[in-house]
Amino acid sequence: MRVALIGQAAFGEAVYRRLLEQGEDVVGVFYEREGDPLHTLAQEQGVPAYPTKELRGREFFQTYVDLGIEINVMAFVTVIIPERVIDLPSHGTIQYHPSLLPLHRGRSAINWAIINGETETGITIFWPDKGIDTGPVLLQKKAPISSTDTLSSLYRNHLFPQGVEGLVEAISLINEGSAPRVVQDEAQATYEPPCEGQLADIQWFRPAEQVFNHIRGCDPQPGSSTTFHQESIRLSDVELGPRVGPGMFGEVLSIDASGIQVMLNGGTLLVRRIRREGERAVSASEFAGAVGLEVGKRLGV
């Protein structure tokens, strides 16, 4: 089939390389940012490449039509693609989503599965329609969420490789004429907003495990946020421990080379890395020394 690959970053590049290995005929690439690895690979292959935003322009549509595309492969697309583009190819459009749809529709699916304390998620390859992650399911693969997983580790170790192979498998099923179209059960559907802004703020009064899951689900992006001396900071690389004595939620109990230990509601939190706005993350002990954070002081007040 003549394939248009619509995607971004390392995931889009990995999908492209697997399609080349499979001998698929990629005739056009649509990328989200200049210099993106997907864009770079398309240039190396001599394949026409265009910014994804072009697909929303009516004057560009004829250029898209002239590519003679038989299937669109959407590899981690975060922008809305017009219906006329989704519907045009003779074999339709397939899309990757990092959850077991209809659970966790929306662009922060990985974040919310961890924040909610779930122990299982997965990937879905589906046939997109005009809704947000609402089209029929082609295939799914499950993945465990460990008690120490972060957004980064879950994506890197499971959802990234499963997604690449899932798209390749889906194309094989389409080629064979045996690709399913299983309608999603709306009674089971969930949708969460983007995990950003105030939704990334740590609420120190919540139960210890909820605070821990929240920070893991925001690590590394957007980074769970709190304040010290009214300065916004983001915490990462954390470990949950048992309660060790009296203290207020958010109170610093100890500071050493391993990090800072913070009191929680029913436990303690070891924080190893802290990032100030506009700066790189540093060790928690380095941050403490730089801003005068001491035992007995509180975060988030």
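This is a short walk through one chain, from its overall build to a few local details.

A caution to begin with: the model is predicted. Every value I quote is computed from it.

Start with the whole chain. It has 301 residues, and 50% of them count as buried. The secondary structure comes to eight helices and 13 strands. Along the principal axes, the C-alpha trace spans about 65 × 40 × 35 Å. The accessible surface is about 13,700 Å², with 50% of that area on carbon and sulfur atoms. Now contacts. Take those in the chain with a separation of 6 or more: 63% of them join residues 24 or more positions apart.

Next, the open sheet. Seven strands make it up, in the order 3-2-1-4-5-6-7, and the pairing is mixed. Which strands stand at the edges? Strand 3, residues 49–51, and strand 7, residues 137–144. Each has a single partner strand, so one side of each is left without a neighbour in the sheet. From one strand to the next, the twist averages 20 degrees.

Look at the strand 7 edge. Strand 6, residues 120–126, pairs with strand 7 in the antiparallel sense, over seven bridges. Within that pair, Thr 124 stands opposite Gln 140 of strand 7. Helix 6, residues 151–176, packs on the sheet here. Helix 6 touches strand 4 (71–75), strand 5 (93–97), strand 6 and strand 7. The direction of helix 6 makes about 155 degrees with that of strand 7.

Over to strand 3. Helix 2, residues 37–45, lies across strand 1 (2–7), strand 2 (25–31) and strand 3. Relative to strand 2, helix 2 runs at about 140 degrees.

Helix 2 also has a helical partner. Helix 1, residues 9–21, packs with helix 2 at an angle of about 35 degrees, and the axes are 7 Å apart. Who meets whom? From helix 1, the residues include Ala 9, Gly 12, Tyr 16 and Leu 20. From helix 2, they include Pro 37, Leu 38, Leu 41 and Gln 45. By class, this contact has eight nonpolar, two polar and two charged residues. The helix 1 side includes Glu 13 and Arg 17. As a reminder, an α-helix has 3.6 residues a turn, so residues three or four places apart point the same way.

Back into the sheet for one residue: Thr 93, in strand 5. Buried or exposed? Thr 93 counts as buried, because its relative accessibility is 2%. What does Thr 93 contact, leaving aside neighbours within four places in sequence? Asn 72, Met 74, Val 85, Ile 86, Phe 126, Trp 127 and Pro 128. Thr 93 and Glu 70 are 23 residues apart in sequence, yet their C-alpha atoms are 8.8 Å apart.

Now further along the chain, to two hairpins. Strand 10, residues 252–256, and strand 11, residues 259–264, form a hairpin with two residues between them. The strands run antiparallel, joined by four bridges. Ile 255 stands opposite Ile 260 of strand 11. Strand 11 then pairs antiparallel with strand 12, residues 267–276, over five bridges. Leu 264 has Gly 267 of strand 12 as its bridge partner. That hairpin also has two residues between the strands, and Gly 266 takes a positive phi near 100 degrees. Strand 11 is mostly covered, with five of its six residues buried.

Helix 7 comes next, residues 208–217. Eight of its 10 residues are buried, so helix 7 is largely enclosed by the rest of the structure. Among the buried ones are Val 211, Phe 212, His 214 and Arg 216. What do the buried residues of helix 7 pack against? The list is helix 5 (109–115), helix 6, strand 8 (224–228), strand 9 (231–241), strand 11 and strand 12. Note helix 6 there, which also packs on the open sheet.

Last item: cysteines. How many disulfides does a search of the whole structure find? Zero. One pair deserves a look. The sulfur of Cys 195 has its closest cysteine sulfur in Cys 218, at 3.7 Å. A disulfide here needs the sulfur atoms within 2.5 Å, so that pair is too far apart for a bond. Cys 195 is buried, at a relative accessible area of 6%. Cys 218 counts as buried too, at 0%.

Notes: Residues numbered from 1 in each chain as written. Predicted model: local features only at pLDDT ≥ 70, side-chain atom pairs only at ≥ 80, totals over all residues. Heavy atoms only, no water. Pairing = 2+ DSSP bridges. Axes fitted to C-alpha atoms, helices over the stretch in contact; angles between N-to-C directions. Contact = heavy atoms within 4.5 Å. Buried < 20%, exposed > 50% of the residue type's maximum accessible area, 1.4 Å probe, protein only. Nonpolar A, V, L, I, M, F, W, Y, C, P; charged D, E, K, R; others polar. Areas by Shrake-Rupley, 256 points an atom, 1.4 Å probe, with all protein chains shown as cover.
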